[in-house]
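Trainee: I would like a close look at one part of this protein. Please take a single strand and its surroundings, and go through them slowly.

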Amino acid sequence: MQLPVDDITALIPQKHPFVMVGRLLHVDDELIRSSFVISPDNMMVSNGHFTEGGLIENIAQTAALRAGYVASVNGTPVKNGYIGSVKDLEILALPKVNDELITEIRVDSQIGNMTILTGQVWSGTELIAKCDMRVLEEEESV
């Protein structure tokens with residue numbers, strides 16, 4: 001799969017209208033980068049701004065892009081994932097409609113079906129949000 005990936009719909013379990021990522025820009029063992037342009041009709045927009053919950057979901061869905069990309073490369077199905085915890089969340093600014101977000105996830109560790117990561121979101125050159133997050137991937141049924 002060649003990067004950037006413009007059509008990410010097969011890489012994440014989320015479906016419209018709950019998609020909070022747009023493109024997969026970079027992925028390797030430690031770093032994932034996505035972009036997302038905030039549309040006016042996005043369900044996480046309030047009073048012309050993308051909400052705090054939208055920023056958290058954007059970080060989580062960037063992690064989902066990584067898992068989906070790895071699944072795609074390995075020929076396995078994309079699994080559902082869940083936010084296990086959010087720690088040290090800082091929302092420094094709320095982006096506006098039509099802003100492009102660049103989100104970076106650094107994988108701190110992978111323990112079984114849990115990914116421990118650090119996420120940062122930029123709007124232009126401004127860091128607007130960051131947190132540590134644990135994301136749990138659904139286990140395969142037996």
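Mentor: What follows is a walk outward from strand β2, with the rest of the chain added step by step.

The model is a predicted one. The protein chain holds one helix and eight strands. In sequence order they give the pattern β-β-β-β-α-β-β-β-β. The radius of gyration is 14 Å, close to the 14 Å that the globule rule gives for 142 residues, so the chain is as compact as a globular protein of that length. Its C-alpha trace spans about 45 × 30 × 25 Å along the principal axes.

Now to the strand. β2 covers residues 31-37. Its pairing with β6 is antiparallel and runs over seven bridges. One place to find this on screen is Leu-31, whose bridge partner in β6 is Arg-106.

Which side chains link these two strands? Arg-33 and Glu-104 form a salt bridge, with their closest N and O atoms 2.8 Å apart. Arg-33 belongs to β2 and Glu-104 to β6, so this pair ties together parts that are 71 residues apart in sequence. Are the two ends buried or exposed? Arg-33 has 23% relative accessibility and counts as partly exposed. Glu-104, at 13%, counts as buried, because the cut-off for that word is under 20%. As a general point, side chains of opposite charge can pair when their charged atoms come close.

Further along β2 sits Phe-36. A search of the whole structure finds one aromatic pair, and Phe-36 forms it with Phe-50. The ring centres are 5.7 Å apart, and the planes make an angle of 50°. That arrangement is called tilted, because the angle lies neither under 30 degrees, which would be stacked, nor over 60, which would be edge-to-face. Phe-50 lies in strand β4 (residues 49-50), so the pair ties β2 to a part of the chain 14 residues away in sequence. Both Phe-36 and Phe-50 are buried.

Phe-50 leads on to the nonpolar core. The largest such core has 32 residues, and Phe-50 is one of those that touch the most other members, together with Leu-24, Leu-101 and Met-133. β2 is among the elements that give two or more residues to this core; the others are β1 (23-27), α1 (52-74), β6 (100-111), β7 (114-123) and β8 (126-137). Which element gives the largest share? It is α1, with eight residues. In soluble globular proteins, nonpolar side chains tend to be buried together.

Leu-24 leads back to the residues around Arg-33. Leaving out residues up to four places away in sequence, Leu-24 touches Leu-3, Pro-4, Val-5, Ile-8, Leu-11, Ile-32, Arg-33, Leu-65 and Tyr-69. So Arg-33 has a salt bridge to Glu-104 as well as a contact with Leu-24, because heavy atoms within 4.5 Å make a contact.

On the other side of the account, follow β6 onward. β6 also pairs with β7, in the antiparallel sense, over ten bridges. In that pairing Gln-110 stands opposite Thr-115. The two strands form a hairpin with two residues between them, and Gly-112 in the turn has a positive phi of about 60°.

The bridge between Arg-33 and Glu-104 can be set beside others elsewhere in the chain. How many salt bridges are there? The count comes to four. One of them joins Lys-79 to Glu-137, with the closest N and O atoms 3.7 Å apart. Lys-79 is in the loop between α1 and β5 (81-91) and Glu-137 is in strand β8, 58 residues apart. Lys-79 is partly exposed, with a relative accessible area of 30%, and Glu-137 is partly exposed too, with 29%.

Another is formed by the side chains of Glu-90 and Lys-130, at 3.9 Å from N to O. It links strand β5, which holds Glu-90, to strand β8, which holds Lys-130, across 40 residues. Glu-90 is partly exposed at 38%, and Lys-130 is partly exposed at 28%.

Two figures describe the chain as a whole. Buried residues make up 38% of its 142 residues. Among contacts between residues at least 6 apart in sequence, 61% join residues at least 24 apart. The salt bridge between β2 and β6 is one link between distant parts of the sequence, since its ends are 71 residues apart.

Note on methods:
Residues are numbered from 1 along each chain as its sequence is written. This is a predicted model: local features need pLDDT of at least 70, side-chain atom pairs count only at pLDDT 80 or more; totals for chains, interfaces and linings use all residues. Side-chain values use heavy atoms; hydrogens and water are left out. Rings of Phe, Tyr and Trp (its six-membered ring) pair if their centres lie within 6.5 Å; planes under 30 degrees apart count as stacked, over 60 as edge-to-face and the rest as tilted. Helices (H or I, at least four residues) and strands (E, at least two) are DSSP runs, numbered from the N terminus. Buried means under 20% relative accessible area, exposed over 50%, partly exposed in between (1.4 Å probe, protein chains only). A nonpolar core is a set of buried Ala, Val, Leu, Ile, Met, Phe, Trp, Tyr and Cys residues joined through side-chain atoms within 4.5 Å. Two strands pair if DSSP finds at least two bridges between them. The radius of gyration is taken over C-alpha atoms; the globule rule is 2.2 Å times the number of residues to the power 0.38.
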